[in-house]
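Welcome, and please open the structure in your viewer. We will take a short walk through it, one selection at a time.

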Amino acid sequence: MSDTMITAARAILAQNDRGTYTVPTQGLYPFQWNWDSCLSAIGFGHFDEARAWTEIETLFAHQWDDGMVPHIIFHEFDDGYFPGPDVWRTGRAVPTTGITQPAVAGFAVRRLFERARDSDMARSRARALLPRIAAWHDWFFRCRDPRGTGLVAIIHPWESGRDNSVDWDAALDRVPTEGVEPFTRRDTQHANPAHRPTDDQYNRFIWLVQHFRDLGWDNAKLHDASPFRVVDPGFNAILIRACADLAWLAETLDMPEIAARSRAQADKGIAAMETLWSDAHGQYLCFDRAIDAMVPSQSIGGLLATFAAIPQSRASAIAQRIATLGEKLPYLVPSHDPSAPEYDGKRYWRGPIWLIVNYMIADGLAAAGQTAVVERIVSDSLRLIDRGGFAEYYDPMTGEGCGGGSFTWTAAMVIEFLTGERQPA
Ligand code: GLC
């Protein structure tokens, strides 16, 4: 059974491979997405190491001078996606968006490096990537944590990778919609509109894009000028984990300056994560930096925090919460608490399960020794593939596959679940 699944997963990677990068899925997402690429590279690493490194190198070839790595690279013209380059207008030779996505590259590179069968190639390619990844992390702390708290804010829901999470509802309500240029959505032509964000959310998403564009995409200004500034525990955990992994790589590759800087960033971040913990909710919560208030929303962002080396007591509380969710649901892990009124099992990040998040949670909990929950998450993930195919996301009650199909990072995670060993953080 697992051989058949791996063969099917590899076929999806091949189908979405554009030579030097992969698209998340044909039609709905016809370009290169930042965190999709890094996580997909881990899947490629199992059967084509050179191709895996290329995926990440292509992404970093489009890094901005200030260090930011964009969330989408528009390699080839395709008018089947909105908002395209004509809306972003970032002024780059190969167009990109002007915002970023979760910083999973440092983690992916360590995983490729540790698994490498061709260790000479891994050493030289990792060496070349390290300064670029370090520059991205430095950019985060400089531009998205200007007061030096140790945690970075996202300035657009799309940066989180969890586009329409309940976490953003209140903050997004404060984003105006006046002056939004008329547009036609394309996502709802490729996927069921009931599974996608609403038109009202899209208006606010686009308002923010226009606002940043009016500020010339100057990252020295955008953080303070954005009405939307949210500190997401999952997003920060990924960055902190990447800093720690980069420190490890830099130590191994004898790059002491990057090692020291990355270690300091990770340590400061882990300490600051404590400010996001909520005893009442038994998980981490988002913090709305624009109004200085916690966001009382029980989303998967607070569970994903386990991807970083959080204290054992926090990891076991999260494992407990996930186990409790598992008593009510046939499949884990839902992107939002099913007992919350906003929960919607088929709408994108407001309930459905995403395999990449399952993978990162499982990885973190494995490092914390939470074996039983990890086994449940991994076996649920594979049952979802059986039930719903290689979908973009899944309904936690029925296991139905939702959104786009033949999805690259879903396929990569399956290869990883079936062939990778989970390693300590
Ligand atoms: C959606 C997801 C985002 C992902 C992108 C491409 O926008 O919310 O996380 O990177 O699709 O798959």
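By class, how many nonpolar, polar and charged residues does the shell around the ligand have? The shell has 8 nonpolar residues, 2 polar ones and 2 charged ones. Keep in mind on this tour that the model is predicted.

**Stop 1: the shell.** Select the ligand, then add the residues that surround it: Pro-24, Tyr-29, Trp-33, Trp-35, Asp-36, Gln-101, Gly-161, Asp-163, Tyr-348, Trp-349, Phe-407 and Trp-409.

**Stop 2: polar contacts.** Now pick out three of these residues in turn.
- Asp-36: one of its polar side-chain atoms is 2.6 Å from a ligand oxygen atom.
- Tyr-29: here a polar side-chain atom lies 3.3 Å from an oxygen atom of the ligand.
- Gly-161: in this case a backbone N or O atom lies 2.6 Å from an oxygen atom of the ligand.

On its own, the ligand has 310 Å² of accessible area, and the protein covers 97% of that.

**Stop 3: the cavity.** Hide the ligand for a moment and look at the space it takes: this is the largest cavity.

**Stop 4: aromatic rings.** Next, colour the aromatic side chains; the count comes to 30 aromatic pairs. Zoom in on Trp-354 and Trp-409, whose ring centres are 6.4 Å apart. Their planes stand at 85 degrees, which is over 60, so this pair is edge-to-face. The two residues are 55 apart in the chain, and their pair links distant parts of it. Trp-354 is in the loop between helix 15 (312-328) and helix 16 (355-367), while Trp-409 belongs to helix 18 (residues 408-419). You have met Trp-409 already, as one of the residues surrounding the ligand.

Terms used:
Residues are numbered from 1 along each chain as its sequence is written. This is a predicted model: local features need pLDDT of at least 70, side-chain atom pairs count only at pLDDT 80 or more; totals for chains, interfaces and linings use all residues. Side-chain values use heavy atoms; hydrogens and water are left out. A residue is near a molecule or strand if one of its heavy atoms lies within 4 Å of it. A polar contact is a pair of N or O atoms within 3.5 Å; within protein, one must be able to donate a hydrogen and the other to accept it, and residues adjacent in sequence count only if both atoms are side-chain atoms. Accessible areas come from the Shrake-Rupley method with a 1.4 Å probe; for residues, only the protein chains shown count as cover. On a 1 Å grid over the protein atoms alone, a cavity is a set of points where a 1.4 Å probe fits but cannot get out, and a pocket is an open set with protein on both sides within 12 Å along at least five of seven lines; lining residues have an atom within 4 Å of a point. A molecule sits in a cavity or pocket if more than half of its atoms lie within 2 Å of its grid points. Ala, Val, Leu, Ile, Met, Phe, Trp, Tyr, Cys and Pro count as nonpolar, Asp, Glu, Lys and Arg as charged, and the others, Gly among them, as polar. Rings of Phe, Tyr and Trp (its six-membered ring) pair if their centres lie within 6.5 Å; planes under 30 degrees apart count as stacked, over 60 as edge-to-face and the rest as tilted. Helices (H or I, at least four residues) and strands (E, at least two) are DSSP runs, numbered from the N terminus.
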